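Here's a quick briefing to read alongside the model. Have the viewer open and follow along.

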Amino acid sequence: MAVLLKSSNEIEKMRRAGHVVRQVLELVRSHVKPGATTLDLEKAAEKHIADLGAKPAFKGYHGFPCVLCTSVNSEVVHGIPSSKRVLKEGDIVSVDCGAIVDGYYGDSAITVPVGEKIDPDTARLLRVTEASLQSGIAAVKPGATLGDIGAAVQAVVEAEGFSVVRDFVGHGIGTHMHEDPQVPNFGQKGRGMKLRTGMVIAIEPMVNIGKPEVMVLEDGWTAVTGDGSMSAHFEHTVAVTATGSKILTE
Ligand code: MG
Ligand code: MG
């Protein structure tokens, strides 16, 4: 599939979808506390997406059953909300949400600590993963390359002794959740496709405290770290503009 460039009108629609996703994620964040289940988060999100007049992007996508992905601790991405998954003090939960407005998609993720007593390395994992996303976004401008983004993310992560997941990557986004190109969170400066004004991409570093390898559980969805280490995930949908970039999910 070719890379589809978006008009300013299309990007405005994507910003509206992105705004829905942001509002949902902030609501979900307020529900994250010891004793809550990941299904509680799902229910709050599903209602809020509907209240905002949007459609959920994930539910039904290749058969995914929910509007959120909720991935706890060593779960990397694509965890399925469940009434059996009770959050406890010291956990972290990655919450990924997509919404559709007027046929256009927004996609964003945050990782939230549960309670106040987070292990220092885990707290650092959250800070570093979010910082790596910001570093990747800072590399976005016309003429820069996908490798510039990946290298910027990877440098921040590896300077802290953490590792970037290779098996899942960011992506183009527009009237489909996943469009070309793929946007790896690793790479070399100057390599890969050049960014052009009107491209819209989801940048989404997944970072493990331990090794980068992941495996998928028997449910066919939940990806976990191979070594059981904690994993974090932050994501924004970002448009390439004439002067640099614009985050559509904040
Ligand atoms: Mg996402
Ligand atoms: Mg995504």
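What follows is a short tour of a metal site, some ring contacts and one serine.

This is a predicted model, so keep that in mind throughout. One stop is a magnesium ion (ligand 2) with Asp107, His171, Glu204 and Glu235 as its protein donors. Another is the structure's one aromatic pair, and the last is Ser71, a residue of strand β2.

**The magnesium site**

- Four protein residues donate to the magnesium ion (ligand 2): Asp107 through OD, His171 through NE2, and Glu204 and Glu235 through OE, at 2.1 to 2.3 Å.
- Along the sequence, those donor residues follow the spacing D-x63-H-x32-E-x30-E.
- Asp107 does double duty: it coordinates both the magnesium ion (ligand 2) and the magnesium ion (ligand 1), and the two ions sit 3.1 Å apart.
- Asp107 belongs to strand β5 (residues 104–113), while Glu235 is in the loop between β13 (231–233) and β14 (236–241), so this pair ties together parts that are 128 residues apart in sequence.
- Both of these residues are tucked away from solvent: Asp107 is buried at a relative accessible area of 2%, and Glu235 is buried at 1%.

**Rings and a charge**

- There's one aromatic pair in the structure, made by Phe64 and Trp221, and it counts as edge-to-face because the ring planes meet at 85°, with the centres 5.0 Å apart.
- Phe64 comes from the loop between β1 (55–56) and β2, and Trp221 from the loop between β11 (214–216) and β12 (223–225), so the pair links parts that are 157 residues apart in sequence.
- Buried or partly exposed, how do Phe64 and Trp221 come out? Phe64 counts as buried, at 3% relative accessibility, whereas Trp221 is partly exposed, with a relative accessible area of 22%.
- Elsewhere, Arg166 puts its charged end over the ring of Phe186, 5.1 Å from the ring centre.

**Ser71 and its surroundings**

- Ser71 lies in strand β2, which covers residues 68–72.
- With a relative accessibility of 2%, Ser71 counts as buried.
- Which residues does Ser71 contact, leaving aside its neighbours within four places in sequence? They are Val76, Val77, His78, Gly79, Ile92, Val93 and Ser94.
- With Gly79 there's also a polar approach: a polar atom of the Ser71 side chain lies 3.1 Å from the backbone nitrogen of Gly79.

Definitions and conventions
Residues are numbered from 1 along each chain as its sequence is written. Chains are lettered from A and ligands numbered from 1 in the order in which they are written. This is a predicted model: local features need pLDDT of at least 70, side-chain atom pairs count only at pLDDT 80 or more; totals for chains, interfaces and linings use all residues. Side-chain values use heavy atoms; hydrogens and water are left out. Helices (H or I, at least four residues) and strands (E, at least two) are DSSP runs, numbered from the N terminus. Buried means under 20% relative accessible area, exposed over 50%, partly exposed in between (1.4 Å probe, protein chains only). A polar contact is a pair of N or O atoms within 3.5 Å; within protein, one must be able to donate a hydrogen and the other to accept it, and residues adjacent in sequence count only if both atoms are side-chain atoms. Contact means heavy atoms within 4.5 Å. Donors are N, O and S atoms within 2.8 Å of the metal (3.2 Å for Na, K and Ca); water is not among the atoms, so sites may look incomplete. Rings of Phe, Tyr and Trp (its six-membered ring) pair if their centres lie within 6.5 Å; planes under 30 degrees apart count as stacked, over 60 as edge-to-face and the rest as tilted. A charge sits over a ring if NZ of Lys or CZ of Arg is within 6 Å of the ring centre and within 35 degrees of the ring normal.
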